[in-house]
Amino acid sequence: DVHCGGVDLIFPHHENEIAQSEGATGKPFVHYWVHPEFLLVEGEKMAKSKGNQFTLRDLLADGHAPEAIRYLLLSMSYRKQLNFTFEGLHQAHSAVQRLEDFILRMREKADPHDPSDAFAEAIRNARAGFVEAMDDDLNTSAALAAVFDFVRSTYLKEEHGGISGGDARAALE
């Protein structure tokens, strides 16, 4: 259903793939096309000749967490140009750490009870915001914002004694 490739492959490469695949099968090739913009590195076009090309293997060998790399890449809509920086990668690591801390905190509080009606509504709203963002042309940056808004509001409720064990369990789910 989904086919990906850089914006430079739309024509003629993907046009040719459509013609070949549909000509051979008589069926639609794919339903969704995702054409990400080119990646910048520290504000410059990524190129081997500039020495600013990093593979996933390079970043992992330098000790960067795969979750942080994934988060950084998802933090920007695929239609916008991501400027990869090591500062951005460190911020992505902090964001992932915040999510991991949230999960641990909720696990410590979780029990099998039902969440409060108000908290269940907050979860529905957060989920709806996430789904709405993803349905908006895979707007991953807005989807992540919905997740972090939920985390932030849950922490605020917890600080004021408003998170039950059932709320914590529901937050984890």
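**Salt bridges, rings and a helix crossing**

Visitor: Quick one to start: is R152 buried or exposed?

Guide: In between: R152 is partly exposed, with a relative accessible area of 40%. Buried means under 20% relative accessible area, exposed over 50%, and partly exposed in between, using a 1.4 Å probe and protein chains only.

Visitor: What sort of model is this?

Guide: It's a predicted model: local features need pLDDT of at least 70 and side-chain atom pairs count only at pLDDT 80 or more, while totals for chains, interfaces and linings use all residues. Numbering runs from 1 along each chain as its sequence is written, and side-chain values use heavy atoms, leaving out hydrogens and water.

Visitor: OK, back to R152. Which residue does it form a salt bridge with?

Guide: D149, with the closest N and O atoms 2.5 Å apart. A salt bridge here is a side-chain nitrogen of Lys or Arg within 4 Å of a carboxyl oxygen of Asp or Glu. D149 is partly exposed too, at 42% relative accessibility.

Visitor: Where do those two sit relative to each other?

Guide: Both are in helix α6, three residues apart, so about one helical turn separates R152 from D149. Helices (H or I, at least four residues) and strands (E, at least two) are DSSP runs, numbered from the N terminus.

Visitor: How many salt bridges are there?

Guide: The count comes to six. One of them joins the side chains of K50 and E44, at 3.5 Å from N to O. K50 is partly exposed at 48%, and E44 is partly exposed at 43%.

Visitor: What about R105 and E158?

Guide: Their side chains meet in a salt bridge at 2.8 Å, N to O. R105 lies in helix α4 (residues 86-109) and E158 in helix α6 (residues 140-159), so the pair ties together parts that are 53 residues apart in sequence.

Visitor: And E158, buried or exposed?

Guide: E158 counts as buried, at 14% relative accessibility. Its partner R105 is partly exposed, at 35%.

Visitor: Switching to rings. How many aromatic pairs?

Guide: Eight. F29 and W33 make a tilted one, 6.0 Å centre to centre with 50° between the planes. F84 and F86 form an edge-to-face pair, at 5.4 Å and 80°. For the cut-offs, rings of Phe, Tyr and Trp (its six-membered ring) pair if their centres lie within 6.5 Å; planes under 30 degrees apart are stacked, over 60 edge-to-face, and the rest tilted.

Visitor: Is F84 buried or exposed?

Guide: F84 is buried, at 5% relative accessibility, whereas F86 is partly exposed, at 26%.

Visitor: Which residues do ring pairs link into a cluster?

Guide: F102, F119, F150 and Y155.

Visitor: Last topic: how do α3 and α4 cross?

Guide: The axes of α3 (residues 66-74) and α4 come within 8 Å and cross at roughly 110°. That makes α3 roughly perpendicular to α4. Angles under 35 degrees count as roughly parallel, over 145 as roughly antiparallel, 65 to 115 as roughly perpendicular, and the rest as oblique. Axes are lines fitted to C-alpha atoms, for helices over the stretch in contact, with angles from 0 to 180 degrees between N-to-C directions.

Visitor: Which residues meet there?

Guide: From α3, E67, A68, I69, Y71 and L72 meet G88, L89, A92, H93, A95 and V96 in α4 (contact means heavy atoms within 4.5 Å). The residues of this contact divide into eight nonpolar, two polar and one charged. Ala, Val, Leu, Ile, Met, Phe, Trp, Tyr, Cys and Pro count as nonpolar, Asp, Glu, Lys and Arg as charged, and the others, Gly among them, as polar.
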